[in-house]
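This report describes one sheet and the strands within it, then turns to the cysteines. Please look over the sequence and the structure before reading on.

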Amino acid sequence: MNGLKDGGLGLVGDIGGTNARFALVEFDGPDPRLIEPTAYKGADYATAEEAIEDYLHKVGVKHPDQAVVAVAGPIEHGTVHMTNLDWRISEDSLRRAGGFRKATLINDFTAQALAAPRLSPKDLRQIGSLPTSGEGDLAILGPGTGFGVAGMARRHGVDTPLTTEGGHIAFAPTDEIEIEILRALTKQFGRVSIERILSGPGMEDLHTILAAAEGRKVESLPAKQISERALDGCADSLATVNRFCAILGSTAGDLALALGARGGVFIAGGIGAKIVELLETGPFRARFEAKGRFVDYMKAIPTHVVMHPYTALIGAAVALTPEGYASIS
């Protein structure tokens with residue numbers, strides 16, 4: 001049987017385009033317990049293996065039994081070349097670096113999907129008036145350095161995550177301003193995916209392109225500063241973040257339709273929690289529901305922002321259990 005047994009010690013990781021997060025995991029009963037979760041900047045290390053070795057040295061543990069590491073990018077034959085970070089990681093290299101008996105790579109939003117059913121109300125901020133129903137399939141998506149998407153099929157008490165690269169579907173504009181945004185990004189990139197807008201770098205491009213489309217002049221700013229200024233009431237930055245939230249709402253609605261996610265949509269990733277107040281008060285929910293003949297269908301789907309800082313580590317820990325391992329195998 002694969003999976004960590006009660007009393008065993010494992011390592012979990014969550015490696016995105018900016019941060020690499022690690023924790024030890026201990027099982028004493030059905031629920032995993034995260035020990036010493038720690039975040040590192042990926043740019044500070046040449047390889048993921050170096051970061052893991054540094055973490056294990058910090059916590060004073062030599063050889064945890066097993067590891068599950070969630071990564072932002074498609075995994076092929078146990079290897080990933082990160083989409084937004086120049087690291088190539090393999091299960092074999094992780095196993096050797098950490099002295100693990102077994103090491104497994106999973107997609108970072110697969111980990112988010114595994115965690116979603118285990119989140120408590122305090123880990124979530126509800127957008128709109130509907131609480132999580134607890135029934136039906138789920139969609140988990142969100143912007144960070146990139147844009148991740150996963151599903152969760154729920155059948156007869158069994159949860160099965162659906163790994164996707166949905167962040168790379170094409171951007172679909174809904175009004176004249178968004179058509180101008182698409183034109184500008186097409187000149188720059190050729191094909192325009194959702195990730196070209198709904199990500200940190202995408203927000204930076206959106207800030208200048210939206211202003212130009214609306215006849216305003218703005219300075220180029222990093223995404224963090226745009227978000228902070230928007231929350232402080234800066235009109236130009238607020239216009240950018242509100243448009244970002246609107247496009248996120250439309251995209252979340254499209255993905256909910258595609259995945260049949262009547263049990264709920266969870267907005268994960270690094271950006272959603274930072275701008276949650278604007279997601280609550282802005283156009284996100286209206287654009288989520290604006291699906292023509294399917295308005296009533298969409299109105300019945302709850303939407304939440306994930307506020308827990310280590311959700312993907314929780315999901316990676318679930319994958320360490322025999323049941324979780326079986327669901328991703």
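The model is predicted. A good place to start is a pair of residues facing each other across two strands: Leu-141 has Val-149 in S10 as its bridge partner. Leu-141 lies in strand S9 and is buried. Strand S10 covers residues 147–155 and pairs with S9 in the antiparallel sense, over six bridges. The connection between S9 and S10 is a hairpin of three residues. Pro-143 stands opposite Phe-147 of S10.

S9 also pairs with strand S12 (residues 264–267), here in the parallel sense and over four bridges. Leu-138 has Gly-264 in S12 as its bridge partner. In general, the strands of a sheet pair through backbone hydrogen bonds, and the pairing can be parallel or antiparallel.

**Surroundings of S9**

Strand S9 comprises residues 138–143, and six of its six residues are buried, so the strand is largely enclosed by the rest of the structure. The burial applies to both faces: Leu-138, Ile-140 and Gly-142 are buried on one side, and Ala-139, Leu-141 and Pro-143 are buried on the other.

**The sheet as a whole**

S9 and S10 belong to an open sheet of six strands, with mixed pairing, in the order S8-S13-S12-S9-S10-S11. Its edges are strand S8 (124–127) and strand S11 (158–163); each has a single partner strand, so one side of each is left without a neighbour in the sheet. On average, neighbouring strands of this sheet are turned by 25° against each other, direction ignored. Helix H3 (residues 108–115) packs on the sheet and touches S9, S10 and S11. The direction of H3 makes about 40° with that of S10.

**Cysteines**

How many disulfides does the model contain? The count comes to zero. Cys-234 and Cys-245 illustrate this, since a disulfide requires sulfur atoms within 2.5 Å. For Cys-234, the closest cysteine sulfur is that of Cys-245, at 15 Å, which is too far for a bond. For Cys-245, the closest cysteine sulfur is in turn that of Cys-234, also too far for a bond at 15 Å. The table lists the accessibility of each.

| Residue | Relative accessible area | Class |
|---|---|---|
| Cys-234 | 29% | partly exposed |
| Cys-245 | 0% | buried |

Cys-245 counts as buried because its value of 0% is under the 20% cut-off. Cys-234, at 29%, is partly exposed because its value falls between 20% and 50%.

How values were computed:
Residues are numbered from 1 along each chain as its sequence is written. This is a predicted model: local features need pLDDT of at least 70, side-chain atom pairs count only at pLDDT 80 or more; totals for chains, interfaces and linings use all residues. Side-chain values use heavy atoms; hydrogens and water are left out. Buried means under 20% relative accessible area, exposed over 50%, partly exposed in between (1.4 Å probe, protein chains only). Two strands pair if DSSP finds at least two bridges between them. Axes are lines fitted to C-alpha atoms, for helices over the stretch in contact, and angles run from 0 to 180 degrees between N-to-C directions. Contact means heavy atoms within 4.5 Å.
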